[in-house]
Amino acid sequence: MALVELGRFARIEAQILVGRLESEGIPAVAFDGEASIADGSWLLIPTRVMVDDEDLAEARAIVERPE
């Protein structure tokens, strides 16, 4: 079991995606969401959404599925 990157997203979008994945039973975590918040450049740094390598295919399908 290892974490892999699902993708890089805007900070708020990443948090929403983590919630969506978790509601589907896929544990997820957002990395780098607070990076450089002190100097005001946090909007420029994408947030990585990470999932377990065994959940990657299912997570990608959820991300690509239209609402």
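This section describes the fold, the core and selected residue environments of a single-chain predicted model.

The chain contains two helices and three strands. Read from the N terminus, these elements follow the order β-α-β-β-α. Of the 67 residues in the chain, 30% are classed as buried. The accessible surface of the chain amounts to about 4,400 Å², and carbon and sulfur atoms account for 55% of that area. Contacts between residues at least 6 apart in sequence were also examined; of these, 67% link residues at least 24 apart.

The three strands assemble into an open sheet with the order S1-S3-S2 and antiparallel pairing. Strand S1 (3-9) and strand S2 (28-31) form the edges, each pairing on one side only. From one strand to the next, the twist averages 30°. Strand S3 (residues 47-52) is joined to S1 by six bridges, the two strands running antiparallel. Within this pairing, Gly 7 has Val 49 of S3 as its bridge partner, and Leu 3 is partnered by Asp 52 of S3. On the S2 side, four bridges connect S2 with S3, again in an antiparallel arrangement. Here Ala 30 stands opposite Val 49 in S3. Val 49 is thus named in both pairings, as the bridge partner of Gly 7 and as the residue facing Ala 30. Burial of S3 is extensive: five of its six residues are buried, and the strand is therefore largely enclosed by the rest of the structure.

Both helices are associated with the sheet. Helix H1 (residues 11-23) lies across S1, S2 and S3, and its direction is at about 15° to S3. Helix H2 (residues 56-64) also packs on the sheet, where it touches S1 and S3, and its direction makes about 20° with that of S1.

In H2, the buried residues are Leu 56, Ala 59 and Ile 62. Viewed down the helix axis, these buried residues fall within an arc of 125°, so they line one face of H2. Such spacing can be related to helical geometry: an α-helix has 3.6 residues a turn, so residues three or four places apart point the same way. The buried residues of H2 pack against S1, H1 and S3. The face of H2 turned away from the buried side bears the exposed residues Ala 57 and Glu 64.

The largest nonpolar core comprises 13 residues, of which Leu 6, Leu 17, Leu 21, Ile 26, Val 49, Val 51 and Ala 59 touch the most other members. At least two residues of this core come from each of S1, H1, S3 and H2. The greatest contribution is that of H1, which supplies four residues. In soluble globular proteins, nonpolar side chains tend to be buried together. The surroundings of Leu 21 illustrate the packing in detail. With residues up to four places away in sequence set aside, Leu 21 touches Leu 6, Ile 26, Ala 28, Val 49, Val 51, Ala 59 and Ile 62. Among these contacts, Ala 59 and Ile 62 are buried residues of H2.

Two further residues, Thr 47 and Glu 54, were examined individually. Thr 47 is located in strand S3 and is buried, with a relative accessible area of 0%. When neighbours within four places in sequence are left aside, Thr 47 contacts Gly 7, Arg 8, Phe 9, Ala 10, Arg 11, Ala 14, Ala 30, Phe 31, Asp 32 and Gly 33. One of these residues, Arg 11, is 36 residues from Thr 47 along the chain, and the C-alpha atoms of the pair are separated by 5.4 Å.

Glu 54, by contrast, occupies the loop between S3 and H2. Its relative accessibility is 65%; because residues over 50% are classed as exposed, Glu 54 counts as exposed. Glu 54 and Met 1 are 53 residues apart along the chain, yet 7.2 Å separates their C-alpha atoms.

Terms used. Residues numbered from 1 in each chain as written. Predicted model: local features only at pLDDT ≥ 70, side-chain atom pairs only at ≥ 80, totals over all residues. Heavy atoms only, no water. Pairing = 2+ DSSP bridges. Axes fitted to C-alpha atoms, helices over the stretch in contact; angles between N-to-C directions. Contact = heavy atoms within 4.5 Å. Buried < 20%, exposed > 50% of the residue type's maximum accessible area, 1.4 Å probe, protein only. Areas by Shrake-Rupley, 256 points an atom, 1.4 Å probe, with all protein chains shown as cover. Core = buried A, V, L, I, M, F, W, Y, C linked by side-chain atoms within 4.5 Å. Arc of directions from axis to C-beta.
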